[in-house]
Amino acid sequence: MKLIYTGKTKNVYSLENGNYLLKFKDDCTGKDGVFDPGENSVGLTIEGVGDVNLRMSVYFFEKVNAAGIKTHFVSADLKNTTMEVLPAKVFGKGLEVICREKAVGSFFRRYGEYIEEGADLDFYVEMTFKNDAKGDPLVTKDGLIALGVMSAKQYDDIKDMTKKITKIVSDDMKAKGLVLYDIKFEFGYAPDGSVMLIDEIASGNMRVYKDGKYIDPMTLSELFFAK
């Protein structure tokens, strides 16, 4: 097992069978010690968050796979906080896909003069380049195509998959009395160019509220898995 990448919230290792192993860490993105899934740097460490992020990822990856949506998930080892995944190439130097059901966070900061905070958004999808120095700049479909990052079909596939996956997560949250405001995904592609969901689907990548109040990642995981 060889370390090939050290990420903010996970380390990536290559396996002898050609797949990769993700090791989940307890680091979270945020600023000044406050968690924010939209931030582009590690802001705090929460003991046990790697474990619950893996557990939630396994739960949703299995559900997404069962819905016929392609992901990189193969298996998980909860004891060692690791997940085996299929190899996939990232788009460009890394791309984040955000699906928003409510106007909050960076979306509201950008467009607050046009919309009220917390207003409904109909599964609004936007993409940003992973670039800490430039603050993860937004990029349009035409921009991604012009830059050679992806084809029009790949963009359309990602947008369609993002909406379907978000609905799966949102419906599960709703059944537990929780409201999903937004969620962040990453996608990659196989050698044949087909798109697949990669990375994780966890509390650390989403903003969820209960009774109008924001819920931190650890509390969210506890509420989500409560009997």
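Me: Before we start, how are helix angles sorted into classes?
Reply: Under 35 degrees counts as roughly parallel, over 145 as roughly antiparallel, 65 to 115 as roughly perpendicular, and the rest as oblique. This is a predicted model, with local features needing pLDDT of at least 70, side-chain atom pairs pLDDT 80 or more, and totals for chains, interfaces and linings using all residues. Residues are numbered from 1 along each chain, and side-chain values use heavy atoms, without hydrogens and water.

Me: So what makes helix 1 and helix 5 oblique?
Reply: Helix 1 (residues 49–66) and helix 5 (residues 217–224) pack at about 45 degrees, axes 10 Å apart. That angle falls in none of the named ranges, so the two are oblique.

Me: Why is the pair of Phe 60 and Phe 224 called tilted?
Reply: Ring centres must lie within 6.5 Å to pair; planes under 30 degrees apart are stacked, over 60 edge-to-face, the rest tilted. Here the centres are 5.4 Å apart and the planes at 40 degrees, so tilted it is. The pair links helix 1 with helix 5, 164 residues apart.

Me: And what makes Tyr 181 and Tyr 209 stacked?
Reply: Their planes are 15 degrees apart, with 3.8 Å centre to centre. Tyr 181 sits in strand 13 and Tyr 209 in strand 15, so the pair ties together parts 28 residues apart in sequence.

Me: Why does Val 90 count as partly exposed?
Reply: Buried means under 20% relative accessible area, exposed over 50%, partly exposed in between (1.4 Å probe, protein chains only). Val 90 has 39%, so it counts as partly exposed. Phe 60 and Phe 224, by contrast, are buried.

Note on methods. Axes fitted to C-alpha atoms, helices over the stretch in contact; angles between N-to-C directions. Helix = DSSP H or I, 4+ residues; strand = E, 2+ residues; numbered from the N terminus. Phe/Tyr/Trp six-rings, centres within 6.5 Å; stacked < 30°, edge-to-face > 60°.
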